[in-house]
Amino acid sequence: MLKIGSHVGMKGKEMMLGSAKEASSYGANTFMIFTGAPQNTKRKPITELKIDEAWEYMNAHGISEPVIHAPYIINLGNSIHTETYTLAAEFLAADMERAAAMGSHTLVLHPGSHVGAGADTGIRQIARGLNEVLSKNSPCHIALETMAGKGSEIGRNFEELAAIFDQVVYNDKLRICLDTCHMHDSGYDIVHDFDGVIEKLDRLIGKDRVSVIHVNDSKNPCGAGKDRHANIGKGYIGLEALYAIVHHPDFADVPKILETPYCPLADNPSKTAPPYKEEIAMLKKASSTLHEGSSVLRQFMSV
């Protein structure tokens, strides 16, 4: 069965239970959440997250394998500002515990940025942080996300990610999160040669390390290095390529997570709404009815 969902919120009184309900409303059987606001480290106590209630709901509605995303504020690659690095390492360790308590096996992490110190220094700093955080008893995996290559971010290619793996002692606790927009924007031709891209990943790291796929179209041509997500079939990657990736046999058991933008409503363009119900339905369809699904999305939203 295709494992597909989207990023959903976690807030208010229902917290993770509300996340599960939102995912179910989209026809999803998995989902991804932050444990709090992605721009800061303020977090509610684990006891207030409605975890047991969420899992009761998830079990009743066929939802499993929730994915946790670490906040964007974490930057293990910063060797220039000690306080930034220290905060990142300490919060990452705490977020791993929260992810495990929430029943997730995977915590997605943007590797980090070298902020001018150079890629090699940034890679060493990221590996240092992961070595501080990971142990043989770590309760979940950290999935390093493929990045688009903007600014000084690390992870713009498989070689940089492989270099991190090579320097981490307990790298059996590391995984990879493929982001289709990021790979495309960093220069990988996933439209015409996805199998070739994955063969390279397999040689350097191992395709069996892929534990999450972020499914996003891109507003920019291949190699732009800009990281601007587009709705499914509305960018340079296109519906057919994304459909093939979502249904690729090598990743049949891997959760696929949509992070596409909210869209203006067709009947009221001043308001936006999440496209996930329509996009998930479209990606679930048989390949022969792909463009029928795309037509439904156009009718619902002004995209």
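**His-69 and strand 3**

I started with His-69, which I found in strand 3, residues 67-69. The model I am reading is predicted. I checked how much of the His-69 surface is open, and the relative accessibility came out at 1%. His-69 therefore counts as buried, since the cut-off for that is under 20%.

I then listed what His-69 touches, leaving out residues up to four places away in sequence. The list holds Met-32, Ile-33, Phe-34, Asp-95, Leu-107, Val-108, His-110, Glu-145, His-214 and Glu-259. For Glu-145 I also noted a polar contact of 3.3 Å between its side chain and that of His-69.

Next I looked up the pairing beside His-69. Strand 3 and strand 4 run parallel to each other and are joined by two bridges. Opposite His-69, in strand 4, stands Val-108.

**Strand 4 and the barrel**

I followed strand 4, residues 106-109, along its side chains. Thr-106 and Val-108 point one way, while Leu-107 and Leu-109 point the other way. I noted all four of these as buried. Such alternation between the two faces of the sheet is what a regular strand shows in general.

I traced the sheet around and found that eight strands close into a barrel. The order is 1-2-3-4-6-8-9-12, and the pairing is parallel. From one strand to the next, the twist averages 30°.

I took one further pair from this barrel. Strand 6, residues 141-145, and strand 8, residues 174-179, run parallel and are joined by four bridges. In this pair I found Ile-142 opposite Leu-174 of strand 8.

**Strands 13 and 14**

I also looked at an antiparallel pair. Strand 13 (residues 263-265) pairs with strand 14 (residues 268-273) over three bridges. The two are joined by a hairpin through two residues. Leu-265 has Asn-268 of strand 14 as its bridge partner.

**Helix 5**

I moved to helix 5, residues 158-167. Asn-157 caps its N-terminal end, with a side-chain oxygen 3.2 Å from the backbone nitrogen of Glu-159. I noted the buried residues of helix 5 as Phe-158, Glu-160, Leu-161, Ala-162, Ile-164 and Phe-165. What covers these buried residues? I found that the cover includes helix 4, strand 6, strand 7 (153-154), strand 8, helix 6 (180-186) and helix 7.

I looked at helix 7 (residues 194-204) in more detail; its axis is 10 Å from that of helix 5, and the two pack at an angle of about 20°. I therefore entered helix 5 as roughly parallel to helix 7, because angles under 35 degrees count that way. The crossing of helix 5 past helix 7 is right-handed. On the helix 5 side, Phe-158, Glu-159 and Ala-162 make the contacts. On the helix 7 side, they meet Val-197, Lys-200, Leu-201 and Leu-204.

**Helices 3 and 4**

I repeated the exercise for helix 3, residues 82-101, against helix 4. Their axes are 10 Å apart and the packing angle is about 40°. This pair is therefore entered as oblique. Helix 3 passes helix 4 in a right-handed crossing. From helix 3, I listed Tyr-85, Ala-89, Leu-92, Ala-93 and Met-96 at the contact. They meet Gln-125, Arg-128, Gly-129, Leu-130, Glu-132 and Val-133 of helix 4.

**Loops**

Gly-103 is in the loop between helix 3 and strand 4. I have it as partly exposed, with a relative accessible area of 27%. Not counting residues up to four places away in sequence, Gly-103 touches Trp-55 and Pro-66. I also took the distance from Gly-103 to Leu-161, which is 26 Å from C-alpha to C-alpha, with their positions 58 residues apart in sequence.

I looked for positive phi values outside glycine and noted Lys-50, with a phi of about 60°. Where does Lys-50 sit? I placed Lys-50 in the loop between strand 2 (30-34) and helix 2 (51-60). Lys-50 is partly exposed, at a relative accessible area of 34%.

I also entered Val-115, a residue other than glycine whose phi is positive and near 45°. Val-115 belongs to the loop between strand 5 (112-113) and helix 4 (119-133). Is Val-115 buried or partly exposed? I have Val-115 as partly exposed, at 36% relative accessibility.

Conventions
Residues numbered from 1 in each chain as written. Predicted model: local features only at pLDDT ≥ 70, side-chain atom pairs only at ≥ 80, totals over all residues. Heavy atoms only, no water. Pairing = 2+ DSSP bridges. Axes fitted to C-alpha atoms, helices over the stretch in contact; angles between N-to-C directions. Buried < 20%, exposed > 50% of the residue type's maximum accessible area, 1.4 Å probe, protein only. Polar contact = N/O pair within 3.5 Å; in protein donor to acceptor, adjacent residues only side chain to side chain. Contact = heavy atoms within 4.5 Å. Parallel < 35°, antiparallel > 145°, perpendicular 65-115°, else oblique. Left-handed = near helix turned anticlockwise from the far one by under 90°.
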